Amino acid sequence: EDNPVLGLAALPTASRLDVFFDMEGYPAADDWLDYLFGAVTTDEGKDVFHDWWAHSDQQEKRAFEEFIDWVYERWHQDPSMHIYHYAPYETTAAKRLMGKYGTREDQVDDLLRNNVFVDLYAVVRRGVVVGEPSYSIKNLEHIYMDKREGGVTDAGASVLVYDAWCESGESADWQKSDRLKAIRDYNEDDCVSTVLLANWLRECQEGAGIAWAEKDGGADEPEPERQER
């Protein structure tokens, strides 16, 4: 396609305040529950994991507000900062939650219209060819990271483990629940995987001599899910 902002050209330059974001959702809840907002940042060369938990609608609203306030402040500190995720779930969830609770509409709109969210799935799909049956991040990981370890290794398993936690009567504090700890570890691995994927894609970008073609602020919101299908 004759569009300069596709594939590796859509990958921004790194910022020290970049955020690598992944969410866990529970579809069996009455109105879907996004129960874990996880993010990794880099502090003096070390990955730091941040997590916001929600086991009820009230907690989900608070976790969403706290996460959006946190990333919005980072963006204002450094307008070159971006929020990296893989596939459209995170941006779809942000729009759903702002509508569900009628909160943080202006902040989410600012982040979307200024292209602060960066979907690495779109970069991969249009930027590199891999010999894999799908472009799931789990299929790509052997290229740039060591094999995962732990009891939860994919999104389906995280749903089953969270469902078991709901029935278990275990503490809502992940430090006191083996099940929640396993989900937290899985989510952190997903965020770190996103960091490593972005690093690998930048190596591909540099090796191909492709520069970031920055979009203008105020651009249309990300393409609808039709494109992903």
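Helices (H or I, at least four residues) and strands (E, at least two) are DSSP runs, numbered from the N terminus. The model is predicted: local features need pLDDT of at least 70, side-chain atom pairs count only at pLDDT 80 or more, and totals for chains, interfaces and linings use all residues. Residues are numbered from 1 along each chain as its sequence is written, and side-chain values use heavy atoms, with hydrogens and water left out.

**Exercise 1.** State how many helices and strands the protein chain has, and give their order.

*Solution.* Step one: the protein chain has eight helices and five strands. Step two: from the N terminus, the order is β-β-β-α-β-α-α-β-α-α-α-α-α.

**Exercise 2.** Work out which parts of the protein chain the D31 and K100 salt bridge ties together.

*Solution.* Step one: a salt bridge is a side-chain nitrogen of Lys or Arg within 4 Å of a carboxyl oxygen of Asp or Glu. Step two: D31 and K100 meet this, at 3.5 Å from N to O. Step three: D31 is in the loop between β1 (19–26) and β2 (33–43) and K100 in helix α2 (residues 89–101), so the bridge ties parts 69 residues apart in sequence. Step four: D31 and K100 also belong to a salt-bridge network with D34, D57, E60 and R96.

**Exercise 3.** Decide whether K61 and E65 are buried or partly exposed.

*Solution.* Step one: buried means under 20% relative accessible area, exposed over 50%, and partly exposed in between (1.4 Å probe, protein chains only). Step two: K61, at 30%, is partly exposed. Step three: E65, at 13%, is buried. Step four: K61 and E65 form a salt bridge, with the closest N and O atoms 2.9 Å apart.
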